[in-house]
Amino acid sequence: MQKENAYKTNIKRNGVTAVSGLVMGVARIYTRGNININPDPIDEVRLPDEKKKFIQARKTVGMTMERLSDFADSRNDSDTRDIMDAQYEILNDPELEAMVYRLIDEKSIRAEKAIYDAFQHYIDLIKATDKSFLVSRLSDLRDMRDRLIQNVQQLAVIASFGKDAVMVTDDVSPIEVITFARNGVKGIICTAGGLTSHASIIANAMGIPMIIDAKSVLRTVQDGDTIILDGYGQNVIIRPDDEASSSYTRVIKRQKEEDKFLRHVIGKPAETLCGTKIELQANIDFEDEVLNIEKYRAEGIGLLRTDALLMNAGPLTMDRSRQEHFCQTAYAGSGSGTVTVRLLDVGGDKLLNIKSKEANPFLGWRGVRILLDRRELLQSQLESICRVAGRYPGRTRILVPMISSLDEFLEVKKEFEDLQQTLEKRGVPVDRNIKLGIMVEVPSVALQIRKFAPYVDFFSIGTNDLTQYTLAVDRGNNLISSLYQPLHPAVLTFISMTIQAGEEFHIPVSVCGELASDPYAALILAGLGVRELSMTPRLIPKVKQAIRLYEIEEIREISKKVLECNTRSEREAARKEWRRFYDEKLKEERSKINAL
Ligand code: PEP
Ligand code: MG
C-alpha cells in the first residue's frame with residue numbers, strides 16, 4: 001500500500017553542493033539527543049569499544065570546556081574560567097578513567113552507564129562531606145556527566161545508522177564529519193554550512209558527497225525515507241518515485257563507468273599535450289588520508305594541515321610526539337616527495353573553535369597571530385617538525401598560515417633560525433635545506449607580494465581564504481554562499497600578481513585552496529602560470545585528465561576568457577561553454593580507450 005503523506009513524493013529541494021557526487025540511501029535525521037541510559041549488561045566482546053567511546057567523548061567534551069574557558073577568559077570572567085578549568089581537571093583525572101574502565105569490565109555495562117555510576121560515586125562522596133564549597137560543585141559534576149553521556153550516545157547513534165545512511169542535519173562540525181566517515185556514512189545534507197567551511201573540506205577529503213544550505217529538507221524528510229543526494233544537480237530528492245529512482249540509478253551507473261576511465265590516467269604524467277608539466281600534490285588533513293598519496297600518485301604533499309593535532313589536546317597545547325608521528329607518517333607515505341607542513345592554523349571555524357570568543361573570528365585570533373602570541377606553541381611545533389625533517393633531508397617545506405604583514409613572517413623566520421641553531425648545538429641532526437614559505441590568502445600580502453619575495457622560499461596561494469577576504473564573503477556563511485566566487489577577477493588578479501612575483505624572483509608558487517581541485521579552475525590556474533596544484537588526493541585523476549587533454553596555449557585561452565568576464569552570469573556562461581567542449585573531448589578520449 002502507498003504510504004500516506006501530507007506532502008508529495010519526489011520533491012526537489014535546492015541546495016548548494018559542497019562536495020560533489022551522487023548517492024542514493026536512507027535518510028537519517030541527526031540531532032544531538034537527550035540522555036537515556038540502558039543499564040543492561042552487554043556482550044564481553046563489546047567492552048573494549050565501550051572504553052573507546054568514553055575516551056572519544058572525553059576528548060570532545062574537553063574541547064568544549066576549553067572553548068568555554070577561553071570565552072570566560074576573554075571577558076575577564078575569572079569565576080567561570082576557574083570552574084571550567086576545574087571541570088577540565090576532573091574530566092582528565094586518571095582516577096575517573098580507571099573507575100569507568102573498571103565498571104565497564106566488572107559489570108559488562110555500556111560506557112554511558114559506567115560514566116553515570118562513576119560520577120555517582122563522586123557525587124555520593126561529596127554529599128557525605130559537609131564542606132559547602134564542595135557541595136556547590138555538585139551541579140558542575142552532573143553537568144559534565146550529562147555532556148559525556150550525551151556524547152557517547154551520539155557516537156553510538158551515528159554508528160547504528162548503517163552503511164546506507166545519508167545524514168540530514170541542521171549543522172555539522174568537523175569532528176562529526178570524521179565520525180560519520182569512520183562509520184561509512186554515504187552522504188551529508190545540511191541546512192547550514194559554507195562551501196569551504198572546514199566541515200566541507202573534511203567531507204571532501206573523506207570522499208563524502210555533501211549538500212549544504214538545503215533549507216527545507218529537514219522540514220520535509222522523515223527518518224528512514226529513501227533519499228537521493230544529487231551533488232551534480234544541487235538537488236535533494238526525497239522519496240523518489242519509480243521513474244526518478246531508475247533514472248538516478250542509471251546516472252550512478254554512468255558515474256561508476258566514469259570512475260573506471262579515470263583509473264586510466266592515474267599512472268600517467270600530469271602534463272599537457274605539448275608536454276608542459278603541472279605538479280599535482282596532495283592536501284592531507286588526517287593520518288587516515290596518507291595512503292591516498294600513493295593510491296592517486298600525488299607528487300608529494302603540498303599542504304599538510306596540522307590543525308587536527310590540537311583537536312583532542314589540552315588548551316592550545318601541542319602533543320609533540322603526536323605531531324612527530326603524524327609528520328613521520330606523512331614522509332613515509334609520500335615516497336621521496338616534498339612534504340609541506342603548515343604551522344597551526346586554528347581559529348576562524350577551525351577545529352579548535354574559538355568562535356564564541358570573538359565577534360569576527362575570521363578576522364581575529366587565527367593562524368600565525370595565535371602562534372606569535374603563544375610562542376611556546378610555535379617553538380614546540382617548529383621543533384618537532386625540524387626533528388623529523390632532519391631525518392628526511394631536502395624534503396621539507398614549512399608553510400606559515402594567515403600572514404597579513406611582513407613583520408609576522410620575519411618573526412617566525414627568526415624563531416625558526418634560532419631553533420635550528422639550538423638543535424644543532426644540541427647535536428640533533430638538522431636539515432639546513434628546509435624551505436620557509438607563506439600562505440598567500442590575505443589581500444594585503446597579495447598586494448605587497450614583491451616585498452615578501454626576498455625573504456620567502458615559496459608562495460602557496462590559499463584560494464579559500466583569499467576569496468573570502470578579497471570579496472568580504474564569509475566562507476562558512478550559507479546566506480551569502482552565492483557571492484563566494486573564487487573566479488572573480490579580483491581574486492584572479494591577486495593570483496596573477498603572485499605568479500608574476502614568483503617568476504620574477506624565481507620562487508615556486510602553488511595553489512592549495514579548493515579551487516585547485518576543480519578541473520575547470522585548475523586549467524584556469526595553469527593558464528595563468530601556476531605549475532603546482534595541491535588538492536585532496538582523490539580528486540587528482542579528474543584534474544590530471546583535464547590537463548592531459550589540452551595544449552598549454554589552449555589552456556591560456558581558457559584563462560583569458562574568464563579574465564574577461566566581469567559578471568557572475570558571464571562567468572557561468574563561460575564555464576558552460578567550456579563544459580560543452582570538454583564533454584566532447586572526454587567522449588573522444590573514452591572511445592579511444594574503449595578501442596584499445
Ligand atoms: C585556503 O585558505 O585556501 C587554505 C588552503 O587553507 P584553509 O582552507 O585551511 O584555511
Ligand atoms: Mg586558509
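**Note on the predicted model**

At 9% relative accessibility, R397 counts as buried. The structure is a predicted model, and the points below should be read with that in mind.

1. Surroundings of R397. This residue sits in strand 12, which covers residues 396–400. Its side chain makes a polar contact of 3.2 Å with the side chain of T340. Apart from neighbours within four places in sequence, R397 is in contact with T338, V339, T340 and V341, and also with Q281, K435, F458, P508, S510 and E532.

2. Confidence. The mean pLDDT of the protein is 87, and 89% of the residues score at least 70. Residues 1–13 have a pLDDT below 50, yet this stretch has 28 contacts in the model beyond near neighbours in sequence. Where pLDDT is low, the predicted coordinates should not be read in detail. I would therefore not interpret the individual contacts of residues 1–13, where the pLDDT is below 50.

3. Overall make-up. The protein has 23 helices and 16 strands. Of its 596 residues, 55% are buried. Among contacts with a separation of 6 or more, 70% are between residues 24 or more positions apart.

4. Magnesium site. Which residues coordinate the magnesium ion (ligand 2)? The donors are E441, through OE, and D465, through OD, at 2.0 to 2.1 Å. The two residues are 24 apart and link distant parts of the chain: E441 is in the loop between strand 13 (435–440) and helix 16 (443–447), while D465 is in helix 18 (residues 463–471). E441 counts as buried because its relative accessibility is 2%, under the 20% limit. D465 is also buried, with a relative accessible area of 2%.

5. I438 in strand 13. I438 is part of strand 13, and its relative accessibility of 0% makes it buried. The C-alpha atoms of I438 and S460 are 6.2 Å apart, with their positions 22 residues apart along the chain. Leaving out neighbours within four places in sequence, the contacts of I438 include L399, V400, I403 and F409, as well as V445, F452, V456, F458, F459 and S460.

6. Nonpolar cores. The largest nonpolar core has 100 residues, and I438 is one of those with the most contacts inside it, along with L280, L304, L343, F459, I495 and L533. Helix 20 supplies the largest share of this core, eight residues. A second, separate core has 29 residues, among them V61, M99, I126 and L148. As for L533, its contacts outside the four nearest places in sequence are I278, E279, L280, Q281, V511, A516, A522, L525 and V543.

7. Helix 20. Is this helix mostly covered or mostly uncovered? Helix 20 is mostly covered, with 10 of its 10 residues buried. They are P519, Y520, A521, A522, L523, I524, L525, A526, G527 and L528. The elements covering them include helix 19 (489–505), strand 15 (509–511), strand 16, helix 21, helix 22 (552–563) and helix 23. Just after helix 20, G529 takes a positive phi of about 120°.

8. Helix 21. This helix, residues 540–547, is mostly covered as well, with seven of its eight residues buried. The buried ones are I540, P541, V543, K544, Q545, A546 and I547. They pack against helix 10 (242–265), strand 9 (279–284), helix 20 (519–528), strand 16 (532–535) and helix 23 (568–595).

9. Positive phi outside glycine. R239 is not a glycine but has a positive phi of about 45°. R239 lies in the loop between strand 8 (235–238) and helix 10 and, at 7% relative accessibility, is buried. R297, also a residue other than glycine, has a positive phi near 55°. The place of R297 is the loop between helix 11 (291–295) and strand 10 (301–304); at 44% relative accessibility, R297 is partly exposed.

10. Cysteines. How many disulfides does a search of the whole structure find? The search finds zero. C274 is partly exposed, with a relative accessible area of 39%, whereas C327 is buried at 1% relative accessibility.

Technical notes
Residues are numbered from 1 along each chain as its sequence is written. Chains are lettered from A and ligands numbered from 1 in the order in which they are written. This is a predicted model: local features need pLDDT of at least 70, side-chain atom pairs count only at pLDDT 80 or more; totals for chains, interfaces and linings use all residues. Side-chain values use heavy atoms; hydrogens and water are left out. Donors are N, O and S atoms within 2.8 Å of the metal (3.2 Å for Na, K and Ca); water is not among the atoms, so sites may look incomplete. Helices (H or I, at least four residues) and strands (E, at least two) are DSSP runs, numbered from the N terminus. Buried means under 20% relative accessible area, exposed over 50%, partly exposed in between (1.4 Å probe, protein chains only). A polar contact is a pair of N or O atoms within 3.5 Å; within protein, one must be able to donate a hydrogen and the other to accept it, and residues adjacent in sequence count only if both atoms are side-chain atoms. Contact means heavy atoms within 4.5 Å. pLDDT is the predictor's confidence in each residue, from 0 to 100. A nonpolar core is a set of buried Ala, Val, Leu, Ile, Met, Phe, Trp, Tyr and Cys residues joined through side-chain atoms within 4.5 Å. A disulfide is a pair of cysteine sulfur atoms within 2.5 Å.
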